[in-house]
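I opened this entry to keep a record of what I looked up, one topic at a time.

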Amino acid sequence: MVSSENFDNYMKAIGVGFANGSTFKMTEIKFKLNKQFDETTSDDRKTKTVMTLETNLGWQRDEAMAKVAVVTGSNKGIGLAIVRALCKQFEGDVYLTSRDTTRGEEAVKSLNSEGLKPKFYQLDINDLNSIIKAAAFFKDKGGVDILINNAGIAFTAADTTPFADQAEVTLQINFFATRDMLTHFMPLIKPGGRVARFRSEDITEEELVGLMKRFVEKTKSGQHKDDGWPETAYGVSKTGLTTLSMILARRLSKERPQDKILLNACCPGWVRTDMAGDKAPKSPDEGAVTPVYLALLPPGATEPHGRFVSEKEVQAW
Ligand SMILES: NC(=O)c1ccc[n+]([C@@H]2O[C@H](COP(=O)([O-])OP(=O)(O)OC[C@H]3O[C@@H](n4cnc5c(N)ncnc54)[C@H](OP(=O)(O)O)[C@@H]3O)[C@@H](O)[C@H]2O)c1
């Protein structure tokens, strides 16, 4: 057995320096006894054998223990700006994820040209297999410290797609697919983790899912207004998401209180992106401010949690 103290001494002895907080795992033991171990060997010989074993151990920075941030839909817009900010402010690996590998890798290159080094992982939140594969990948990395569910869609006002179809697609990605992400990633959130969600009582998750399905159904028969729903599929999807975040935050407080994970929904403001157009007042970097603030709440913080936050302030909901 090599104790951590021995390991420190060993690294010092061979002159290898690592940043404070780096962790390591043993990757291989390259040791072969040239001679049969002899029980009658003197104590001196035994000591030499152990030393040989130590000097042939393979050590590697333990990626499984590195801190990890994951941002969905971050090849452009606010998601890309969040990755940029986290690369500058978060001490750990920042994963830019995108449903399209080419667009994702282009985005990584653009950040590389700014001297930043995000990692890339292909993730389509609308594909359950993609989510399951990603969850297994990040589980192998030891879990996730920061999860920002940024991916989302919106039909433009001018879009002539029938409202029922818009409702189905919008709810599917903004609510149901984001819920799938949370279902598979919440168990991976490490103690002290931070989860931010874009936009959102006493309602259960099942009741909420039932309500969201009911909205989509009612749009198909054109009865959603009579049933009390507004004429905005995007608004319903994001309201559902904020409500879901409050339900999940309550569950975290009940089931994992010792882990002190903070989960919040937020609004970035009106931001100049492909989704919101060029008339919006905020740049993507400005839009990233509130989600990044939530992602980097200091260790030990207990608030905000289960809140709706905009401009770094908790808003009444
Ligand atoms: N802009 C605003 O004013 C504003 C205001 C309030 C809230 N928000 C919210 O902020 C978030 C980001 O918006 P944005 O303005 O940056 O929009 P955007 O520029 O249109 O970017 C949306 C991102 O989501 C990705 N995405 C869409 N569907 C996906 C899927 N199935 N899997 C993975 N990624 C997917 C897109 O990828 P592709 O490039 O492959 O399409 C893109 O990277 C959204 O949730 C939006 O609702 C925006």
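I began with the backbone of Lys260, which I located in the loop between H8 and strand E8 (262-267). This is a predicted model, and in it the phi of Lys260 is near 50 degrees, a positive value in a residue other than glycine. I noted it because most residues other than glycine have a negative phi, and most peptide bonds are trans.

With the peptide bonds in mind, I turned to Pro304, whose place is in the loop between helix H10 (289-295) and strand E9 (308-310). Here I found a cis peptide bond joining Glu303 and Pro304, with omega at about -10 degrees.

Next I looked up how H8 packs. How do the axes of H7 and H8 cross? I found that the axes of helix H7 (residues 205-220) and helix H8 (residues 233-255) come within 10 Å and cross at roughly 175 degrees. An angle over 145 degrees counts as roughly antiparallel, and H7 and H8 are therefore roughly antiparallel to each other. From H7, I listed Glu205, Leu208, Met212 and Phe215, which meet Val236, Gly240, Thr243, Leu244 and Ile247 of H8. Sorting the residues of this contact by class, I have six nonpolar, two polar and one charged.

I then went to the strands, where E4 (residues 93-98) and E5 (residues 119-122) pair in the parallel sense over four bridges. For Tyr95, I noted Lys119 as the bridge partner in E5. Following the chain through helix H4 (residues 101-112), I recorded that E4, H4 and E5 make a right-handed β-α-β unit.

My last topic was the ligand. Which residues are closest to it? I counted 30 residues surrounding the ligand, the closest being Gly73, Gly77, Gly152, Thr273 and Met275. By class, the shell around the ligand has 15 nonpolar, nine polar and six charged residues. Looking at the helices, I saw that H3 (77-89) and H6 (163-185) each supply at least two residues of that shell, and that H3 gives the most, with three residues.

Definitions and conventions:
Residues are numbered from 1 along each chain as its sequence is written. This is a predicted model: local features need pLDDT of at least 70, side-chain atom pairs count only at pLDDT 80 or more; totals for chains, interfaces and linings use all residues. Two strands pair if DSSP finds at least two bridges between them. A crossover is right-handed if, with the strands pointing away from the viewer, the path from the first strand over the helix to the second runs clockwise. A residue is near a molecule or strand if its C-beta atom, placed from the backbone, lies within 6 Å of it. Ala, Val, Leu, Ile, Met, Phe, Trp, Tyr, Cys and Pro count as nonpolar, Asp, Glu, Lys and Arg as charged, and the others, Gly among them, as polar. Axes are lines fitted to C-alpha atoms, for helices over the stretch in contact, and angles run from 0 to 180 degrees between N-to-C directions. Angles under 35 degrees count as roughly parallel, over 145 as roughly antiparallel, 65 to 115 as roughly perpendicular and the rest as oblique. Two residues are in contact if their C-beta atoms, placed from the backbone, lie within 7 Å.
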